Amino acid sequence: MRLVVVGCSGSFPGPDSAASSYLVQAEDADGRTWSVLLDLGNGALGPLQRYGDPAALDLVALSHLHADHVADMAVLGVLRRYRPQGPLPPLAVHGPEGTRDRLLELTGRDPATDTGEVFDVHAWQAGTPVRVGPLEVTPVPVLHPVPAFGLRVTGPSDADPARRVTLAYTGDTDACPGLDDLATGADLLLSEAAFVEGRDDAVRGVHLTGRRAGEAAARGRSGRLVVTHVPAWNDAEAAAAEARAVYDGPVVVATPGLVLAL
């Protein structure tokens, strides 16, 4: 199983990165590559075409419905419906309740996207895994101003396909029991860190700081921590330093095009 960072800028696209989007891929026993996309925020469809094939996606897993995590779903629909080779079959999309209406809003309720011929939309059921080839995606409710889920993705290890490994993606959340559930035993914790210790302390229930991400990784004994969703006005290395102060495992800053094998 591999993680490819497509976009990692928090809250809005930055000068060097699109907003949130992460490609997870794994091969099955027959050598077929399966692709799950975690979120598709503003500007992310462009780099997705550099790192993967939008026509070959098997599932889009949406953590929540803020624009920096879903906005480019509208143009993904255009790509898949109007490509010269002909339209693709409906793509499975899982997200919170209200996902279908949100996608229609993004397209201006274009009748061409209101037929179910572009996306096959399903609502997450907390704790119920969705199987996609050799991958399994389990949604975990987390704490954010809108309904939101972190996602645990389990699949075959790149180094040893007989061994199962787990990527835990926080989506957007503050510290909460769901965050601890995500981090516990994860081989890699992909965690947002949009807030800064000492600056944003009065705002709770929205985002993590690097320190709170590190604390979750430490409590859960996660194997690695990748700090992501850092807004352009913040210093990503400072967020990573906050995490390293409380977590003694490897800490990496997400950058576009970063590929991590699990």
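Which residues of helix 7 (residues 236-244) are buried? In this predicted model, the list is A239, A240, E242 and A243. They span an arc of only 155 degrees around the axis, so they sit on the same side of helix 7. As for what that side packs against, the partners of the buried residues are helix 6 (210-220), strand 12 (225-228) and strand 13 (251-253).

Just ahead of this helix comes a loop worth a look. W233 is found there, between strand 12 and helix 7. With a relative accessibility of 62%, W233 counts as exposed, because the cut-off for that class is over 50%. Leaving aside residues up to four places away in sequence, W233 touches F12 and R199. H66 is 167 residues away from W233 along the chain, and the C-alpha atoms of the two are separated by 19 Å.

Turning to the nonpolar interior, the largest core is made up of 30 residues, and the members that touch the most others are M1, L3, L38 and L167. For L167, the contacts beyond four places in sequence are M1, L3, V24, L38, L151, R152, V153, L188, L190 and L262. There is also a second core, separate from this one, with 24 residues; V140, A213, V230 and A240 are among them. A240 thus turns up twice, as a member of that second core and as one of the buried residues of helix 7.

Nonpolar side chains show up on the outside as well. V75, V78 and Y82 make a surface patch, and together they have about 280 Å² of accessible area. V75 belongs to helix 3 (residues 73-82). Its relative accessibility is 40%, so V75 falls in the partly exposed class.

On the charged side, the structure has 11 salt bridges. One of them pairs R2 with E27, with 2.9 Å between the closest N and O atoms. This pair joins distant parts of the chain, since R2 is in strand 1 (residues 2-7) and E27 is in strand 2 (residues 21-27), 25 residues apart. R2 counts as buried, because its relative accessibility is 18% and the limit is under 20%. E27, by contrast, is partly exposed, at 30% relative accessible area. The two do not stand alone: R2, E27 and D158 are linked in a network of salt bridges.

Another salt bridge brings together the side chains of R204 and D174, at 2.8 Å from N to O. R204 is in the loop between strand 11 (188-192) and helix 6, while D174 is in the loop between strand 10 (164-169) and helix 5 (177-183), so the bridge ties together parts that are 30 residues apart in sequence. How do the two ends rate, buried or partly exposed? R204 is partly exposed, with a relative accessibility of 48%, whereas D174 is buried, at 2%.

Helices 5 and 6 also come up in the next pair. D180 and R219 form a salt bridge whose closest N and O atoms are 2.8 Å apart. Because D180 lies in helix 5 and R219 in helix 6, the bridge ties together parts 39 residues apart in sequence. D180 is partly exposed, with a relative accessible area of 24%, and R219 is partly exposed too, with a relative accessibility of 48%. Helix 6, which holds R219, is also one of the elements packed against the buried residues of helix 7.

Technical notes: Residues numbered from 1 in each chain as written. Predicted model: local features only at pLDDT ≥ 70, side-chain atom pairs only at ≥ 80, totals over all residues. Heavy atoms only, no water. Core = buried A, V, L, I, M, F, W, Y, C linked by side-chain atoms within 4.5 Å. Buried < 20%, exposed > 50% of the residue type's maximum accessible area, 1.4 Å probe, protein only. Contact = heavy atoms within 4.5 Å. Patch = residues over 30% accessible without salt bridge, like charges linked within 9 Å, V, L, I, M, F, W, Y side chains within 5 Å. Areas by Shrake-Rupley, 256 points an atom, 1.4 Å probe, with all protein chains shown as cover. Salt bridge = Lys/Arg side-chain N within 4 Å of Asp/Glu carboxyl O. Helix = DSSP H or I, 4+ residues; strand = E, 2+ residues; numbered from the N terminus. Arc of directions from axis to C-beta.
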